[in-house]
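Open the model in your viewer and keep the selection panel at hand. The tour has two parts, the internal cavity and the cysteines.

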Amino acid sequence: MTSLSASLVRGAVTSPFKRAGRPDATLPSDRLTAPVAPGPLAAYGRICGFAESGPLPLTYPHVLAFPLTMRLMTGRAFPLPVLGLVHTWIEITPHRAVRPTEPLELAVYADGLTPHRRGTEVTMVTEARVGGELVWESRSGYLSRHATTDAAASPRPDPDAVGDLPAVAEWRLPGDLGRRYGAVSGDRNPIHLHPLTARLFGFPRAIAHGMWTVARCLAEAGGGAEIRSVRAEFKAPVLLPATVTYAADPTGCSFVLRGAKERVHLLGTVTR
């Protein structure tokens, strides 16, 4: 978590010197690796709604690896400014259930730059191994918004999940959710912490972490060893405090998180 805070500071300092959209931009070839300790798993499980026992929550390796991801994205060789970078989608593939006591070895690398109708999107890959065995991996898209003339470029297609899915649960999210989740995840981005710091980045109030919304939906869906893959799209920020509705099909394989006036915040699919 200390290294993550240092990366956030480094990102704030280096971002003004980077220009997104350069045609000659290339990604660093670095592959950052590190063994990790379990972290505050019990507190993470409570705030996201996961069971107190059982395998490691599907989203948790992403949280453990996020300091590595930020270290790579705030390095000099990374071409996009980290300030304003938007997490747009994530795909998670667990290859087997991971026990909380198993020592994870994490690796993070950048896999490609893609033109987007709103700028440039980078794909970041995270891998988790136990004794050399690949047990979990994810791919995430981060969008750097800038002017573009590529009208043909478009975002990734949405999962086939919206429809008229029936409401399953309603959650009242407190105004301090961002601070509480930041305390257990280490992600203390100012947009999540206080209304004042969020306003500095164009938000009227603090917003919920996107990874909290994914984790909370998977916990509600009974995320466990039977899930073979997850794909989620972040559609709109959740302004805190808020009341949101989790809706899903009867199998829990398609889900959506809606807010006021049926605004879609998150949608996704689960393969079992």
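For the cavity lining, Ala, Val, Leu, Ile, Met, Phe, Trp, Tyr, Cys and Pro count as nonpolar, Asp, Glu, Lys and Arg as charged, and the others, Gly among them, as polar. Keep in mind that this is a predicted model.

**The cavity**

Rolling a probe the size of a water molecule over the atoms shows where empty space is left. Searching the whole structure in this case turns up one cavity of 30 Å³ or more. The largest cavity holds about 30 Å³ of space.

Select His62, Thr69, Met124, Val125, Thr126, Ser140 and Tyr142 to display the lining of the largest cavity. Then color α3 (60-73), β4 (119-130) and β5 (133-145), the elements that each give two or more residues to that lining. The largest share comes from β4, with three residues.

Which classes do the lining residues of the largest cavity fall into, nonpolar, polar or charged? Three are nonpolar, four are polar and none is charged.

**The cysteines**

Next, show the cysteine sulfurs. A disulfide is a covalent bond between the sulfur atoms of two cysteines. The whole structure contains zero disulfides. Center on Cys217, which is in no disulfide; its nearest cysteine sulfur, that of Cys48, is 11 Å away. Cys217 is also buried, with a relative accessible area of 0%.

Finish at Cys253. Why does the sulfur of Cys253 form no bond with the closest cysteine sulfur? That closest sulfur, in Cys217, is 14 Å away, which is too far for a bond; the cut-off for a disulfide is a pair of sulfur atoms within 2.5 Å.

Note on methods: Residues are numbered from 1 along each chain as its sequence is written. This is a predicted model: local features need pLDDT of at least 70, side-chain atom pairs count only at pLDDT 80 or more; totals for chains, interfaces and linings use all residues. Side-chain values use heavy atoms; hydrogens and water are left out. Buried means under 20% relative accessible area, exposed over 50%, partly exposed in between (1.4 Å probe, protein chains only). On a 1 Å grid over the protein atoms alone, a cavity is a set of points where a 1.4 Å probe fits but cannot get out, and a pocket is an open set with protein on both sides within 12 Å along at least five of seven lines; lining residues have an atom within 4 Å of a point. Grid points are joined across faces, edges and corners, and a volume is the space filled by probe spheres set on the points. Helices (H or I, at least four residues) and strands (E, at least two) are DSSP runs, numbered from the N terminus.
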